[in-house]
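Here's a quick tour of one protein model, with an eye on its pocket and its greasy surface. Have the structure open as you read.

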Amino acid sequence: MADHGEATCRQVDGGMTRVFELFGKRWTGLIVATLMPAPVHFADLRRAIPGISERMLSDRLMELAATGLVVREVDAGPPLRVSYRLTEAGLAMEPALKELARWAETYLADGGQCPEQFRK
């Protein structure tokens with residue numbers, strides 16, 4: 001029987017844990033990716049991400065704002081409009097998100113499965 005003592009177990013990196021606590025939630029990555037090019041009004045953001053409810057979008061935006069990745073800005077009306085933009089910290093995620101997109105193009109087929117040639 002294999003020894004599963006403390007010496008043989010590795011702990012997950014703390015930084016990686018924090019990243020996936022935030023980005024492991026559904027919709028979070030898509031919201032950040034949508035905000036990457038420029039600020040977006042709430043209604044436009046909702047339309048850009050098919051399937052997300054207004055409530056979920058609002059919740060995720062509040063989480064991202066609380067972490068310091070997104071800023072909520074109220075545009076003086078009329079009509080009164082709310083837009084969201086990435087902070088410097090949020091924009092700094094661009095290289096990582098682009099790399100993940102490249103990885104997905106190579107290793108994930110449209111159905112989300114790794115093609116057979118990469119399963120070795």
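A pocket here is an open set of grid points where a 1.4 Å probe fits, with protein on both sides within 12 Å along at least five of seven lines. Keep in mind that this is a predicted model.

With that in hand, the largest pocket comes out at a volume of about 410 Å³. What lines the largest pocket? There are 15 residues in the lining, and F20, F23, G29, L97 and L100 are the ones nearest the centre. By class, the lining splits into 12 nonpolar, 2 polar and 1 charged residues. Helices α1, α2 (28-35) and α6 (94-107) each chip in at least two lining residues.

Now for the outside. V12, M16, V19 and F20 make a nonpolar surface patch of about 400 Å². F20 turns up in this patch and also among the residues nearest the pocket centre. M16, another patch member, sits in helix α1, which covers residues 14-23.

Is W27 buried or exposed? Here it is next to M16:

| Residue | Place | Relative accessible area | Class |
|---|---|---|---|
| M16 | helix α1 | 44% | partly exposed |
| W27 | loop between α1 and α2 | 13% | buried |

W27 counts as buried because its relative accessible area of 13% falls under the 20% cut-off. M16, at 44%, lands in the partly exposed range because that runs between 20% and 50%.

One last thing about W27: its C-alpha atom is 8.3 Å from that of I49, though the two residues are 22 apart along the chain.

Definitions and conventions:
Residues numbered from 1 in each chain as written. Predicted model: local features only at pLDDT ≥ 70, side-chain atom pairs only at ≥ 80, totals over all residues. Heavy atoms only, no water. Patch = residues over 30% accessible without salt bridge, like charges linked within 9 Å, V, L, I, M, F, W, Y side chains within 5 Å. Areas by Shrake-Rupley, 256 points an atom, 1.4 Å probe, with all protein chains shown as cover. Salt bridge = Lys/Arg side-chain N within 4 Å of Asp/Glu carboxyl O. Helix = DSSP H or I, 4+ residues; strand = E, 2+ residues; numbered from the N terminus. Buried < 20%, exposed > 50% of the residue type's maximum accessible area, 1.4 Å probe, protein only. 1 Å grid on protein atoms, 1.4 Å probe; cavity = no way out; pocket = protein on both sides within 12 Å on 5 of 7 lines; lining within 4 Å. Points joined across faces, edges and corners; volume = space filled by probe spheres on them. Nonpolar A, V, L, I, M, F, W, Y, C, P; charged D, E, K, R; others polar.
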